[in-house]
Amino acid sequence: MKTKVILGFTLIFSVFIFFNACVKKDFDEPDVSYIPFDPDKVLTIADIKQLYDSNHHYYKFTDIFSVFATVTMDDKSGNIYKSAFIQDNTGGIDLYLNSSGLYQGDSIRIMLQGTIISDYSDLIQITNLDIEKNIVKIKPLVEVEPLLVTLQDIINIPYEFQSELIKLEAVQFIDGELGKTFADAQNLDSENRLLEDCYDNQVDVRTSGYADFADLVVPVGKGSMIAIASYYDGNVQLVIRSINELQLDSLRCDGTWGPIIFQGFDDGFNNWNPIS
């Protein structure tokens with residue numbers, strides 16, 4: 001009888017130990033980062049661009065400097081690839097990544113040792129980045145308010161707004177772009193669509209053929225747009241994050257909904273959707 005009691009107690013005690021060991025006591029502890037950090041070696045994005053300018057457009061970090069910023073655009077939509085745009089209160093810059101893994105709204109610290117500041121066709125980039133070795137995620141879902149600018153602003157001083165999240169108002173696609181899709185989704189080719197304001201200022205909107213909105217027809221109306229002010233070969237290019245950030249739903253500059261578009265069906269339905 002005594003033996004049975006002892007065995008029963010041992011079994012209950014063992015089960016208690018097992019389940020107690022499986023309980024996670026610390027629910028909200030963040031992962032410990034082993035990426036080096038020196039609070040006396042923190043730069044801004046403006047500092048990084050200054051290093052780019054003063055070192056003949058190329059600089060490699062050998063020390064553990066860091067920069068804190070927020071991701072303003074990731075590659076989820078397919079409109080950019082293995083890259084991200086980040087921003088702090090001094091400006092924005094493009095990241096060229098070895099893999100995907102950053103998401104819009106991520107507040108991050110980049111440890112800059114081993115990274116390179118250079119450019120791709122005049123777009124300033126931080127390259128040679130390894131997400132596992134260089135980047136610490138601090139907080140997700142941080143909102144960055146777009147800077148309200150005009151087309152004239154970004155045309156006159158493009159360097160000032162390069163890689164920043166901006167908002168334009170009272171803009172529209174030119175007449176010649178109406179009826180076209182943002183890009184060639186069938187052949188996966190990137191294309192430009194010309195955007196204008198009511199004062200004949202114009203810039204390109206660049207869309208990848210891989211973007212999830214590449215096959216959509218550009219809006220006819222006038223209105224607002226949120227985008228990244230990118231740069232290529234000396235020219236401003238706007239990069240759309242999401243089709244939902246285009247609110248071109250008002251009458252155009254001339255007070256109409258644009259010209260009548262004539263398109264035959266000799267080569268199929270083209271951009272039209274057949275409805276029975």
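Strands are DSSP runs of type E with at least two residues, numbered from the N terminus. In this predicted model, strand 1 covers residues 42–43 and contains Val42. The relative accessibility of Val42 is 36%, so the residue counts as partly exposed. Val42 also takes part in a nonpolar surface patch, together with Phe37, Phe68 and Ile138. The area of this patch is about 340 Å².

The largest pocket was examined next. Its volume is about 610 Å³. The lining consists of 21 residues, and those closest to the pocket centre are Asn79, Ile80, Tyr81, Tyr120 and Arg206. By class, the lining residues comprise 10 nonpolar, 9 polar and 2 charged. Several strands supply at least two lining residues each: strand 4 (83–88), strand 5 (91–97), strand 8 (123–129), strand 13 (202–207), strand 14 (222–232) and strand 15 (235–240). The most is given by strand 14, with 3 residues.

Salt bridges were then counted, giving a total of 7. One of them pairs Lys41 with Asp63, with 2.7 Å between the closest N and O atoms. Lys41 is located in the loop between helix 1 (2–22) and strand 1, and Asp63 in the loop between strand 2 (59–60) and strand 3 (66–73), so the contact ties together parts that are 22 residues apart in sequence. Both partners fall in the intermediate accessibility class, which runs from 20% to 50%. Lys41 is partly exposed because its relative accessible area is 23%, and Asp63 is partly exposed because its relative accessibility is 27%.

A further salt bridge joins the side chains of Asp175 and Arg252, with an N to O distance of 2.9 Å. This pair links distant parts of the chain, 77 residues apart. Asp175 belongs to the loop between strand 11 (165–173) and strand 12 (191–197), whereas Arg252 belongs to the segment after strand 16 (246–250). The partners fall on either side of the 20% limit for burial. Asp175, at 43% relative accessibility, counts as partly exposed, while Arg252, with a relative accessible area of 2%, is buried.

The side chains of Glu245 and Arg241 also meet in a salt bridge, at 2.6 Å from N to O. Glu245 counts as buried because its relative accessibility is 18%. Arg241 has a relative accessible area of 14% and is therefore buried. In addition, Glu177, Lys180, Glu191 and Arg193 form one network, joined by salt bridges that share partners.

Glu191, a member of this network, also appears in a contact between residues separated in sequence. The C-alpha atoms of Glu191 and Ser208 are 6.7 Å apart, with a sequence separation of 17 residues. Ser208 is placed in the loop between strand 13 and strand 14. With a relative accessible area of 12%, Ser208 is buried. Another such pair is formed by Arg109 and Lys137, which are 28 residues apart along the chain and have C-alpha atoms separated by 6.5 Å. Arg109 is part of strand 6, which spans residues 107–111. The relative accessibility of Arg109 is 7%, so this residue counts as buried.

Backbone torsions gave two further entries. Leu141 has a positive phi, near 60 degrees, and is a residue other than glycine. Leu141 is situated in the loop between strand 9 (135–139) and strand 10 (147–148). At 72% relative accessibility, Leu141 counts as exposed, the cut-off for that class being over 50%. Asp233, which is not a glycine, likewise has a positive phi, of about 50 degrees. Asp233 occupies the loop between strand 14 and strand 15. Its relative accessible area is 46%, so Asp233 is partly exposed. The two strands that flank Asp233 are among those that each supply at least two residues to the lining of the largest pocket.

Note on methods
Residues are numbered from 1 along each chain as its sequence is written. This is a predicted model: local features need pLDDT of at least 70, side-chain atom pairs count only at pLDDT 80 or more; totals for chains, interfaces and linings use all residues. Side-chain values use heavy atoms; hydrogens and water are left out. Patches are made of residues with over 30% relative accessible area and no salt bridge: like charges are joined within 9 Å, nonpolar side chains (Val, Leu, Ile, Met, Phe, Trp, Tyr) within 5 Å. Accessible areas come from the Shrake-Rupley method with a 1.4 Å probe; for residues, only the protein chains shown count as cover. A salt bridge is a side-chain nitrogen of Lys or Arg within 4 Å of a carboxyl oxygen of Asp or Glu. Helices (H or I, at least four residues) and strands (E, at least two) are DSSP runs, numbered from the N terminus. Buried means under 20% relative accessible area, exposed over 50%, partly exposed in between (1.4 Å probe, protein chains only). On a 1 Å grid over the protein atoms alone, a cavity is a set of points where a 1.4 Å probe fits but cannot get out, and a pocket is an open set with protein on both sides within 12 Å along at least five of seven lines; lining residues have an atom within 4 Å of a point. Grid points are joined across faces, edges and corners, and a volume is the space filled by probe spheres set on the points. Ala, Val, Leu, Ile, Met, Phe, Trp, Tyr, Cys and Pro count as nonpolar, Asp, Glu, Lys and Arg as charged, and the others, Gly among them, as polar.
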